[in-house]
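Q: How should contacts around a ligand and salt bridges be read from a model? Please take the definitions one by one.

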Amino acid sequence: MELLVKILVALLILFVIKVSLIILFFYSEIRAAQKRDPAAKNFFEVLFLYPGLHALIYYRVAHLLHKIGMTFSARFISQLARFFTGIEIHPGAQIGKNFFIDHGMGVVIGETTIIGDNVLLYQGVTLGGTGLQQGKRHPTLGNSVVIGTGAKVLGNILIGDNSYVGANAVVIKDVPPNSTVVGVPGRITKQEGKKIDVSLDHIHVLDPIMQSVEELEKRLEELEKRK
Ligand SMILES: CC(C)(COP(=O)(O)OP(=O)(O)OC[C@H]1O[C@@H](n2cnc3c(N)ncnc32)[C@H](O)[C@@H]1OP(=O)(O)O)[C@@H](O)C(=O)NCCC(=O)NCCS
C-alpha cells in the first residue's frame with residue numbers, strides 16, 4: 001500500500017513537472033490558440049484538449065532530434081503524434097512562432113515546408129509536394145497566413161504574408177501578400193483588400209473553363225438587364 005502511494009505521488013510530481021514545462025515553453029502558442037478559436041473557453045481547455053497544440057509539442061521535440069541527426073527517433077515521434085492527434089508534421093519542416101492548427105484531424109505538413117509566424121491551419125490541410133523530386137518541394141507560408149479547411153497547397157510555392165486560402169482550394173502557384181485565394185485550381189479573388197474581377201484578371205486565372213462560365217454569366221446578366 002505504501003509503495004502504491006509512493007508511485008502515485010511520483011507520477012503526480014512527473015505530471016506537474018511536464019505540465020509546467022509545457023506552459024513555460026508553449027505559453028504564447030496556447031494564448032494564440034485561445035485568441036483564434038472562439039470556442040476555446042479557457043487556457044487549460046487548450047492545454048489539455050487541443051490536438052493542434054499537442055501535435056506542435058511533439059513536433060518541437062521531433063524537430064530538435066531531426067536537427068541533431070536522430071532522424072529515426074524524430075520520425076518515430078512524429079508518427080506517434082499522428083496516431084494520437086491525426087496530424088502529421090514531418091520533423092524536417094520549419095515552423096515559426098504562435099502556430100495554431102484548429103481541430104487538426106487530417107493535416108499533413110511535408111518535410112521541406114517553411115511556415116512563418118502566427119499562421120493558422122484548419123483541419124484537412126495538406127502542405128505537400130507535387131512529385132518525386134528532391135530538395136525544396138513543399139510550400140513556404142509567410143507570416144499571418146490562414147489556410148482554410150481541406151485546402152491543399154502543393155509544390156515549392158510561396159504564400160505571401162497575411163494571405164487567406166479558402167476552404168477546399170487547391171493552390172499550385174505563388175500567391176502575393178494580402179490576397180485571398182479560392183477554388184480549384186486556386187484563383188485570387190481579393191488583393192490588398194480589393195475584390196478582383198476574375199474575368200479580367202488574366203494573370204491569376206488558372207482555369208479556362210471557370211473563366212468561360214464566368215464570362216457567360218456576365219453576358220447573361222447584361223441580357224437580362226436589357227429586357
Ligand atoms: C475565402 C474566405 C477566407 C472568405 O474570404 P472573403 O474575402 O471574405 O471572401 P468573400 O466571402 O467575400 O467571397 C469572395 C468570393 O469567393 C467565394 N468563396 C468564398 N469562399 C470560398 C471557398 N472556400 N471556395 C470557393 N469559393 C469561395 C464567394 O462565394 C465569393 O464569390 P463571388 O464574388 O462570386 O460572390 C472564406 O470563405 C474561407 O473559405 N475561409 C476558410 C474558413 C475555414 O476553413 N473555416 C473552418 C472552420 S472549422
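A: A polar contact is a pair of N or O atoms within 3.5 Å; within protein, one must be able to donate a hydrogen and the other to accept it, and residues adjacent in sequence count only if both atoms are side-chain atoms. This is a predicted model, where local features need pLDDT of at least 70, side-chain atom pairs count only at pLDDT 80 or more, and totals for chains, interfaces and linings use all residues. Residues are numbered from 1 along each chain as its sequence is written, and side-chain values use heavy atoms, leaving out hydrogens and water.

Q: How far is the backbone N or O atom of Thr-149 from an oxygen atom of the ligand?

A: The distance is 2.7 Å. A polar backbone atom of Ala-167 is 2.8 Å from a ligand oxygen, and a polar side-chain atom of Lys-190 also lies 2.8 Å from an oxygen atom of the ligand.

Q: Which parts does the salt bridge between Arg-60 and Glu-29 tie together?

A: A salt bridge is a side-chain nitrogen of Lys or Arg within 4 Å of a carboxyl oxygen of Asp or Glu. For Arg-60 and Glu-29 the closest N and O atoms are 3.3 Å apart. Arg-60 lies in helix 3 (residues 51-67) and Glu-29 in helix 1, so the pair ties together parts 31 residues apart in sequence. Helices are DSSP runs (H or I, at least four residues), numbered from the N terminus.

Q: Is Glu-29 buried or exposed?

A: Buried means under 20% relative accessible area, exposed over 50%, partly exposed in between (1.4 Å probe, protein chains only). Glu-29 is buried because its relative accessibility is 6%, whereas Arg-60, at 25%, is partly exposed.

Technical notes:
Helices (H or I, at least four residues) and strands (E, at least two) are DSSP runs, numbered from the N terminus.
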